[in-house]
Amino acid sequence: MRWISMAILFFLTISLFYQSSNSLLADVETIEKLEQFFVEEDLDINLVNVTMRIVSNEEEANSFISNQEVNSQKRNGINEKFSTVYLDENRVKVIYEFESNGWSNETKKILQDRMLDPKFRHFFKNGQIYSCFQSRTDVKINSNFMIDKISNYFEVETTNVLNEENFKVVSGTTKQFEQYIPLNNESINIQFAIREQGNDQNIITIGTPILVIEY
């Protein structure tokens with residue numbers, strides 16, 4: 001659990017250094033690339049999280065959120081929400097979170113429609129965007145084998161590895177994604193974790209530019 005806490009703390013402190021692709025179009029393609037890996041490896045996608053953050057003035061933020069239709073009830077395992085954090089008298093941080101307990105063409109369309117909506121794109125065009133996919137599998141998978149698979153698929157240059165018993169996290173860079181954040185005087189834009197659990201269960205999580213869900 002301490003590594004999850006560290007990842008969340010890191011996530012909360014990098015906002016000023018984040019380099020945005022300045023286009024949600026690129027991030028839709030990023031999500032499709034993450035999806036494609038799990039599909040090609042025949043891994044069920046059990047959790048998807050896309051989180052966006054941007055600093056705005058309060059009036060603009062309130063106007064934007066009030067015009068966004070969000071179903072507060074979960075639909076087909078999907079949950080969307082907007083929240084705000086007040087920074088000072090004039091500025092607020094707007095956070096949008098999309099989470100789905102699974103992945104389907106319908107789920108994908110709901111997310112794409114949101115991200116490609118002109119007003120949504122304009123508001124978040126210079127924001128921070130984090131995408132994560134996760135699979136929980138009952139098939140025993142060697143963590144080193146899966147790390148090599150992911151590294152080769154995304155052509156990752158590894159910059160950091162956390163290696164514990166039954167648990168590994170790899171951080172690195174790939175030219176397939178545009179966003180970057182700093183890490184130990186270097187930049188990363190992909191992070192993935194493999195957790196081997198009992199009863200031959202494994203949790204495989206891939207995120208860009210960093211993991212923001214529990215793994």
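Which element gives the largest share of the lining of the largest cavity? I started my notebook with that, keeping in mind that the model is predicted.

**Entry 1: cavity**

I looked for enclosed space and found one cavity of 30 Å³ or more. Its volume comes out at about 30 Å³. I listed the lining as Val28, Ile31, Glu32, Trp103, Lys108, Leu111, Gln112 and Met115. Two elements give two or more residues each to this lining, helix 2 (24-40) and helix 4 (105-115). Helix 4 has the largest share, with four residues, which settles the opening question. Sorted by class, I have five nonpolar residues, one polar and two charged in the lining. I note the principle for later: rolling a probe the size of a water molecule over the atoms shows where empty space is left.

**Entry 2: strand 2 and strand 3**

I then turned to strand pairing. Strand 2 (residues 78-86) and strand 3 (residues 91-100) run antiparallel and are joined by nine bridges. The connection is a hairpin of four residues. As a register check I took Lys81, whose bridge partner in strand 3 is Glu97.

**Entry 3: strand 10**

Is strand 10 buried or exposed? I count seven of its seven residues (202-208) as buried, so the strand is largely enclosed by the rest of the structure. I checked both faces. Asn202, Ile204, Ile206 and Thr208 point one way, Ile203, Thr205 and Gly207 point the other way, and all are buried.

Next I looked up the neighbours of strand 10. Strand 4 (residues 128-137) is antiparallel to strand 10 and shares seven bridges with it. Strand 9 (residues 190-196) is also antiparallel to strand 10, with six bridges. Ile206 appears in both pairings: it is the bridge partner of Phe133 and the bridge partner of Phe192. Strand 9 and strand 10 form a hairpin with five residues between the strands, where Asn199 takes a positive phi near 60°.

At the far end I found a cis peptide bond between Thr208 and Pro209, with omega about -5°. Pro209 belongs to the segment after strand 10. Thr208 is itself one of the buried residues of the strand.

**Entry 4: aromatic rings**

How many aromatic pairs does a search of the whole structure find? The search gave me 16. I picked out Phe37 and Phe154, a tilted pair with 5.8 Å centre to centre and 40° between the planes. This pair links distant parts of the chain, with Phe37 in helix 2 and Phe154 in helix 6 (residues 143-154), 117 residues apart. Phe37 counts as buried because its relative accessibility is 0%, and Phe154 counts as buried because its value is also 0%.

For a second pair I took Phe123 and Phe124. Their ring centres are 5.2 Å apart and the planes stand at 85°, so I logged the pair as edge-to-face. Phe123 and Phe124 are both buried.

I also followed the ring pairs outward from Phe37. They link Phe37, Phe38, Trp103, Phe133, Tyr153, Phe154 and Phe177 into a cluster. Two names recur from earlier entries: Trp103 lines the largest cavity, and Phe133 bridges to Ile206.

One charge turned up over a ring. The charged end of Arg195 sits over the ring of Phe167, 4.1 Å from the ring centre.

**Entry 5: strand 5 and its flanking loops**

I looked up Leu162, in strand 5 (residues 157-164). Leu162 counts as buried because its relative accessibility is 17%, under the 20% limit. Its C-alpha atom lies 9.1 Å from that of Ala193, which is 31 residues away along the chain.

The loops on either side each hold a backbone exception. Most residues other than glycine have a negative phi, and most peptide bonds are trans. Glu155 has a positive phi of about 55° without being a glycine, and is found in the loop between helix 6 and strand 5. With a relative accessible area of 59%, Glu155 is exposed. Asn166, also not a glycine, has a positive phi near 65°. Asn166 is in the loop between strand 5 and strand 6 (167-173). At 38% relative accessibility, I entered Asn166 as partly exposed.

Technical notes: Residues numbered from 1 in each chain as written. Predicted model: local features only at pLDDT ≥ 70, side-chain atom pairs only at ≥ 80, totals over all residues. Heavy atoms only, no water. 1 Å grid on protein atoms, 1.4 Å probe; cavity = no way out; pocket = protein on both sides within 12 Å on 5 of 7 lines; lining within 4 Å. Points joined across faces, edges and corners; volume = space filled by probe spheres on them. Nonpolar A, V, L, I, M, F, W, Y, C, P; charged D, E, K, R; others polar. Pairing = 2+ DSSP bridges. Buried < 20%, exposed > 50% of the residue type's maximum accessible area, 1.4 Å probe, protein only. Phe/Tyr/Trp six-rings, centres within 6.5 Å; stacked < 30°, edge-to-face > 60°. Lys NZ or Arg CZ within 6 Å of the ring centre and 35° of its normal.
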